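Visitor: Please take a close look at the surroundings of one bound molecule, and then at the sheet of the same model.

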Amino acid sequence: MRPLLPLRLRRAAAAGLPRCFGMARRGGPAWRLSIEGNIAVGKSTFLRVLGKTFPEWQMATEPVAKWQKVQASSTREQTSSSPNFGNLLQMVYQEPSRWSYTFQTYSCMSRLKAQLEPLSEKLLKTRDPVQIFERSVYSDRYIFAKNLFELGHLTEIEWTIYQDLHTFLLQEFGDRTALHGFLYLQATPEKCLERLHRRGRPEEKAIQLEYLEQLHTQHENWLVKKTTKVHFENLRNAPVLVLNVNHDFEDDPAEQEELMRKVSSVDTSSFLLFM
Ligand SMILES: Nc1ncnc2c1ncn2[C@@H]1O[C@H](COP(=O)(O)OP(=O)(O)O)[C@@H](O)[C@H]1O
Ligand SMILES: Nc1nc2c(ncn2[C@H]2C[C@H](O)[C@@H](COP(=O)(O)O)O2)c(=O)[nH]1
């Protein structure tokens, strides 16, 4: 049974909340959305376009640089002399069975931290606050960890412990990690491979089309076909805006404008049902 709307949201709905982004929303917490999509589909590129179109929104990029240079976070000030424990991204691609569990624990923690970040001063002053995350604790589990388990790179016991930890953390943090919806950037695995080669990240040199096909299927199953079993009530019916990004929009202002129009016309009133 769908949970009843919390009182404050029913009041907000009764007061006639605006239906889309860009229409003033009086006070209240930020809308929180995650951008999802395959490797090199264009999430960072899309995020930059979003940032130019909606400069008042708060964007959290995926912390790839942290995975490429793992450092202890105990010291507040990280200097160039802080010990570097290695390039975990490279390690997971070179020896997936050895490093997948370590990677997923670390990536999940870094995504959790990003989702727990407080609103910036600038966003607090915004009338219609929106927070955008590049991937989420949910793709960590329902795309990558699940795929690595199905490939045999996570053992049964590692997958069980990862899931247990993931469920525990998300239940503990409750609404603080909840998202209102997803923007799914969809492109063919072939297009992603082409962009991956164009970007030329050294760690990803050996990635084959087959891996991108597997990740594509995981995205489709979770966000489009909804056949992936998810374990969080608010996630089950979360709205998903599917954006086809096969077209090379990087140097095409008209295409960028069309994508931004689709984002700004998202019906935010539907989010209220899923909090
Ligand atoms: N729509 C697009 N049109 C043309 N090139 C793109 C597009 N999206 C991304 N690219 C290029 O593809 C590569 C990967 O894009 P990026 O945004 O880093 O992907 P992601 O963040 O999803 O891994 C980059 O070289 C980028 O310039
Ligand atoms: N094994 C995992 N790899 C992951 C995860 N999240 C991201 N990644 C990899 C994929 C790319 O090589 C790189 C950055 O991703 P982009 O799509 O932003 O280029 O990191 C994960 O959870 N597990």
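Guide: The side chain of arginine 201 has an N or O atom 3.0 Å from an oxygen atom of ligand 2, a polar contact in the sense of a pair of N or O atoms within 3.5 Å. Two glutamates approach ligand 2 as well, the distance from its oxygen atom to a side-chain N or O atom being 2.6 Å for glutamate 62 and 2.5 Å for glutamate 204. Of the 490 Å² of accessible area that ligand 2 has on its own, the protein covers 98%, with areas taken from the Shrake-Rupley method with a 1.4 Å probe. Around ligand 2 there are 21 residues, the closest being Glu62, Tyr93, Gln104, Arg111 and Glu204, where a residue counts if one of its heavy atoms lies within 4 Å.

This is a predicted model, in which local features need pLDDT of at least 70 and side-chain atom pairs pLDDT 80 or more, while totals for chains, interfaces and linings use all residues. Residues are numbered from 1 along each chain as written, chains are lettered from A and ligands numbered from 1 in written order, and side-chain values use heavy atoms, without hydrogens and water.

As for the sheet, it is open and parallel, with five strands in the order β2-β3-β1-β4-β5; strands are DSSP runs of E with at least two residues, and two of them pair if DSSP finds at least two bridges between them. Its edge strands are β2 (58-60) and β5 (240-244). Three bridges join β2 to β3 (residues 130-134) in the parallel sense, and methionine 59 has isoleucine 132 in β3 as its bridge partner.

Notes
Helices (H or I, at least four residues) and strands (E, at least two) are DSSP runs, numbered from the N terminus. A polar contact is a pair of N or O atoms within 3.5 Å; within protein, one must be able to donate a hydrogen and the other to accept it, and residues adjacent in sequence count only if both atoms are side-chain atoms.
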